[in-house]
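Reader: Please take a close look at a single part of this model and then relate that part to the rest. Which residues there are hidden from the surface, and what do the other parts add to the picture?

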Amino acid sequence: MARSTKPTGDAAKLRRGIGWLAALGVLLVLGGLVGLIYTAFATLTSMLLFGWLLLIGGFVGLLHAVQARGTNFFWLGVVVAALNIAAGVVVIRRPEAAAEALAMFAALLFLTGGLFRLVGSLVVRGPQMGWTLLQGVFDLFLGILVLSTWPSSRYVIGTLFSLALLFDGLGLLATGFGGRRVVGMVTERADEGGSGHGSGKGATKPVQPE
């Protein structure tokens, strides 16, 4: 009986863990959908989270720098921690201005990445030339779109944040459903193996003719 009870308990624990994973996926999907509808709120929330992460990371880095005083990396750690703390304070106090700056930075990244892809695909002319050209054109289009609508395009930060939540939630849901299916299949095979082992153990030995 102990052999059959332990796999059942392990399967129940796995099912509970997968259930919590799927529940987290549902929450992330709902958060992503709400963020796509209310992009201004999503942008403000994402910038505040970013600011607090910078602030906490700066204080943690400063603590590590103080603990490592007397080494060659002490002042470098202090400078990096101070920059993180200052950036976190600025982002928390002015989240909209920080979102505008990040939107401009994203637009420049899209433009430079698109130009590099276009030039690289025309120079190299490899087997993936068409796909690289398409990616370059798409990046250029995104960069021009963000720049042409700036500073209103600051809400693109909230859109990207919401899309990240949405796809992460869908990934967790897919993992949860796939995990429950795998656990169910393993449990069924274990039950079939246990029943077959029990029936074989209880079978009588045939009598050999004399």
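Author: In helix α4, the buried residues are Pro-95, Ala-98, Ala-99, Ala-103, Ala-106, Ala-107, Leu-111, Gly-114, Leu-118 and Ser-121. Buried means under 20% relative accessible area, exposed means over 50%, and partly exposed is in between, with a 1.4 Å probe and protein chains only. An α-helix has 3.6 residues a turn, so residues three or four places apart point the same way.

The model is predicted: local features need a pLDDT of at least 70, side-chain atom pairs count only at pLDDT 80 or more, and totals for chains, interfaces and linings use all residues. Residues are numbered from 1 along each chain as its sequence is written, and side-chain values use heavy atoms, with hydrogens and water left out.

Helix α4 covers residues 95-124, which is 30 residues. From its first C-alpha to its last, α4 reaches 42 Å, close to the 44 Å expected at 1.5 Å a residue. The expected span is 1.5 Å times one less than the number of residues. After α4 comes Arg-125, with a positive phi near 55 degrees.

Helix α4 also takes part in a salt bridge, through Arg-117. A salt bridge is a side-chain nitrogen of Lys or Arg within 4 Å of a carboxyl oxygen of Asp or Glu. The search of the whole structure finds 1 such pair, and the side chains of Asp-139 and Arg-117 meet in a salt bridge at 2.4 Å, N to O. Asp-139 lies in helix α5 (residues 129-148) and Arg-117 in α4, so the pair ties together parts that are 22 residues apart in sequence. The two partners can be described by their cover: Asp-139 is buried, at 12% relative accessibility, whereas Arg-117 is partly exposed, at 33%.

Now for the surroundings of α4. The protein has 6 helices and 0 strands, running α-α-α-α-α-α from the N terminus on. Helices (H or I, at least four residues) and strands (E, at least two) are DSSP runs, numbered from the N terminus. Buried residues make up 24% of the 210 residues in the protein.

Helix α2 can be read in the manner of α4. Helix α2 has 29 residues and reaches 42 Å from its first C-alpha to its last, close to the 42 Å expected at 1.5 Å a residue. Its buried residues are Ala-42, Thr-43, Ser-46, Met-47, Gly-51, Leu-54, Leu-55, Gly-58 and Ala-65.

Ser-46 of α2 is buried at 9% relative accessibility. A polar atom of the Ser-46 side chain lies 2.8 Å from the backbone oxygen of Thr-43. Setting aside neighbours within four places in sequence, Ser-46 is in contact (heavy atoms within 4.5 Å) with Ile-157, Gly-158 and Phe-161.

Further along α2, Gly-58 is buried at 0% relative accessibility. With neighbours within four places in sequence left out, Gly-58 is in contact with Ala-81, Asn-84 and Ile-85. Gly-58 and Asn-84 are 26 residues apart in sequence, and 4.8 Å apart in space, C-alpha to C-alpha.

Leu-62, found in α2 too, is partly exposed at 31% relative accessibility. Beyond its neighbours within four places in sequence, Leu-62 is in contact with Val-78, Ala-81 and Ile-85. Leu-62 and Ile-85 are 23 residues apart in sequence and 9.2 Å apart in space, C-alpha to C-alpha. Over the protein, among contacts between residues at least 6 apart in sequence, 81% join residues at least 24 apart.

The outside of the protein remains. Its accessible surface comes to about 14,700 Å², of which 73% belongs to carbon and sulfur atoms. Areas come from the Shrake-Rupley method with a 1.4 Å probe; for residues, only the protein chains shown count as cover. A nonpolar patch on the surface, with about 870 Å² of accessible area together, includes Leu-24, Val-26, Leu-160 and Phe-167. Patches are made of residues with over 30% relative accessible area and no salt bridge; like charges are joined within 9 Å, and nonpolar side chains (Val, Leu, Ile, Met, Phe, Trp, Tyr) within 5 Å. Helices α1 (2-37) and α6 (156-202) each supply at least two residues of the nonpolar patch, and α1 gives the most, with 6 residues. Leu-160, in α6, is partly exposed, with a relative accessible area of 43%.

Conventions. A polar contact is a pair of N or O atoms within 3.5 Å; within protein, one must be able to donate a hydrogen and the other to accept it, and residues adjacent in sequence count only if both atoms are side-chain atoms.
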